[in-house]
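Subject: Structure handover and notes

Dear colleague,

I am handing over the structure below, together with some notes on what was found in it. Please have it open while you read, as the notes go from place to place.

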Amino acid sequence: MYKSFGDLVLYEDFHLDLANNQLVSIFGPNGCGKSTLINMISGLMPFDQGQVLIHGKPIRRARIGYVFQNYRDSMFPWLSAYDNIAYPLRIKGSPEQECRDRVERMIDLFNIRLDLKRYPYSFSGGQQQLISILRALVADPEVLFLDEPFSALDFEMTLFVREKLQEIFMATSIPMLMVVHNLEEAVYLADTILLLSKRPTHLVEAVPFQASRPRTLETLSSPEFIEVSRHCLDIFRQEMRK
């Protein structure tokens with residue numbers, strides 16, 4: 001894959017092959033193009049050369065879900081939370097009964113205890129982000145993209161959304177590709193951490209983290225977590241010195 005903005009080359013001869021049914025986090029220096037990468041892979045942004053295949057088929061033929069960084073701007077404030085979640089099904093032309101059944105199954109599966117008749121602005125930031133995640137999942141995507149889903153949340157809400165996201169991944173096994181700006185979060189949730197370089201950006205290393213799920217607060221003090229985090233931090237520091 002090749003991507004440039006004028007004379008600025010962002011990605012040059014970038015190659016990535018990811019295993020299925022993994023939660024993958026992307027971590028790297030500011031300005032290296034982490035969000036640009038998932039926007040290209042998801043089909044939201046064109047690239048200059050190359051191709052993206054999901055399950056062996058072009059991205060335009062794949063079903064994707066996308067969770068934006070700014071949950072406030074990504075939802076429709078004039079629709080209830082319930083209608084926001086059902087929106088992808090309705091624009092596909094799904095019958096109303098199918099929309100209701102699908103949303104209700106998701107609410108039951110993920111044990112959502114929110115009054116979804118309320119409007120988005122009446123929920124906390126973490127609850128709004130959870131609603132955004134449910135909306136991205138309702139149409140049964142083949143892969144879910146998340147662009148810094150915790151960056152606009154305080155610590156309490158980050159913990160809430162992080163655990164719900166893990167529950168969703170364990171229940172569905174939908175592959176997830178997530179941009180993260182905090183190393184602890186990048187390692188904690190992921191099966192694989194993609195460490196990116198400075199521009200022109202390339203993949204420095206794909207680091208596996210094989211701790212069992214569910215991950216808990218005890219995971220953060222486990223020898224494996226500490227070692228993987230240390231290794232990722234060492235690579236990050238090496239890149240920053242270049």
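Helices and strands here are DSSP runs, a helix having at least four residues and a strand at least two, and they are numbered from the N terminus. Please keep in mind throughout that this is a predicted model.

With those names in hand, a first place to look is Asp13, which lies in the loop between strand S2 (8-11) and strand S3 (23-27). Its phi is near 55°, a positive value in a residue other than glycine, and Asp13 counts as exposed because its relative accessibility is 71%. Ser173 also has a positive phi, near 60°, and is likewise a residue other than glycine. Ser173 is found in the loop between H6 and strand S8 (176-179), and with a relative accessibility of 36% it counts as partly exposed.

Most of these notes concern helix H5 and its surroundings. Is H5 largely enclosed or not by the rest of the structure? Twelve of its 13 residues are buried, so H5 is largely enclosed; among the buried ones are Gly125, Gln128, Ser132, Arg135 and Leu137. The cover over the buried residues of H5 includes strand S6 (64-67), helix H2 (71-74), H3, helix H4 (96-109), strand S7 (143-147) and helix H6 (155-172). The length of H5 can be checked too: at 1.5 Å a residue its 13 residues should span 18 Å, and the C-alpha atoms at its ends are 19 Å apart, which agrees.

Two of the helices around H5 can be described in detail. Two packed helices are described by the angle between their axes and the distance between the axes. For helix H3 (residues 81-91) and helix H5 (residues 125-137), the axes come within 7 Å and cross at roughly 30°. Since angles under 35 degrees count as roughly parallel, H3 is roughly parallel to H5. The crossing of these two helices, H3 and H5, is right-handed. On the H3 side the residues that meet H5 are Ala81, Asn84, Ile85 and Pro88, and on the H5 side they are Ile131, Leu134 and Arg135. By type, the residues of this contact of H3 with H5 are five nonpolar, one polar and one charged.

The packing of H5 with H6 has an angle of about 20°, and the axes are 9 Å apart. That angle makes H5 roughly parallel to H6, and H5 passes H6 in a right-handed crossing. From H5 the contact takes in Gly126, Gln127, Gln129, Leu130, Ile133, Leu134 and Leu137, while from H6 it takes in Met157, Phe160, Val161, Lys164, Leu165 and Ile168. The residues of this contact of H5 with H6 divide into nine nonpolar, three polar and one charged.

Within helix H5, Ile131 may be worth a closer look. Ile131 counts as buried because its relative accessibility is 1%. Leaving aside residues up to four places away in sequence, Ile131 touches Met75, Ala81, Ile85 and Phe123. The C-alpha atoms of Ile131 and Leu114 are separated by 9.6 Å, and these residues are 17 apart along the chain.

Next come the cis peptide bonds that I noted. One runs from Arg199 to Pro200, with omega near -15°, and Pro200 lies in the loop between strand S9 (192-196) and S10. Another joins Arg213 and Pro214, where omega is about 5°. Pro214 lies in the loop between strand S10 (203-208) and H8, and, not counting residues up to four places away in sequence, Pro214 touches Gln166 and Met170. From C-alpha to C-alpha, Pro214 and Leu189 are 9.4 Å apart in space, with their positions 25 residues apart in sequence.

Two buried residues in other helices complete the notes. Glu239 lies in helix H8 (residues 223-241), and at 4% relative accessibility Glu239 counts as buried. Its contacts, again without residues up to four places away in sequence, are Leu196, Ser197, Lys198 and Val204. Thr36 is found in helix H1 (residues 34-42) and is buried, with a relative accessible area of 14%. With the sequence neighbours up to four places away left out, Thr36 touches Phe5, Leu10 and Met45.

With best wishes

Note on methods:
Residues numbered from 1 in each chain as written. Predicted model: local features only at pLDDT ≥ 70, side-chain atom pairs only at ≥ 80, totals over all residues. Heavy atoms only, no water. Axes fitted to C-alpha atoms, helices over the stretch in contact; angles between N-to-C directions. Parallel < 35°, antiparallel > 145°, perpendicular 65-115°, else oblique. Left-handed = near helix turned anticlockwise from the far one by under 90°. Contact = heavy atoms within 4.5 Å. Nonpolar A, V, L, I, M, F, W, Y, C, P; charged D, E, K, R; others polar. Expected span 1.5 Å × (residues − 1). Buried < 20%, exposed > 50% of the residue type's maximum accessible area, 1.4 Å probe, protein only.
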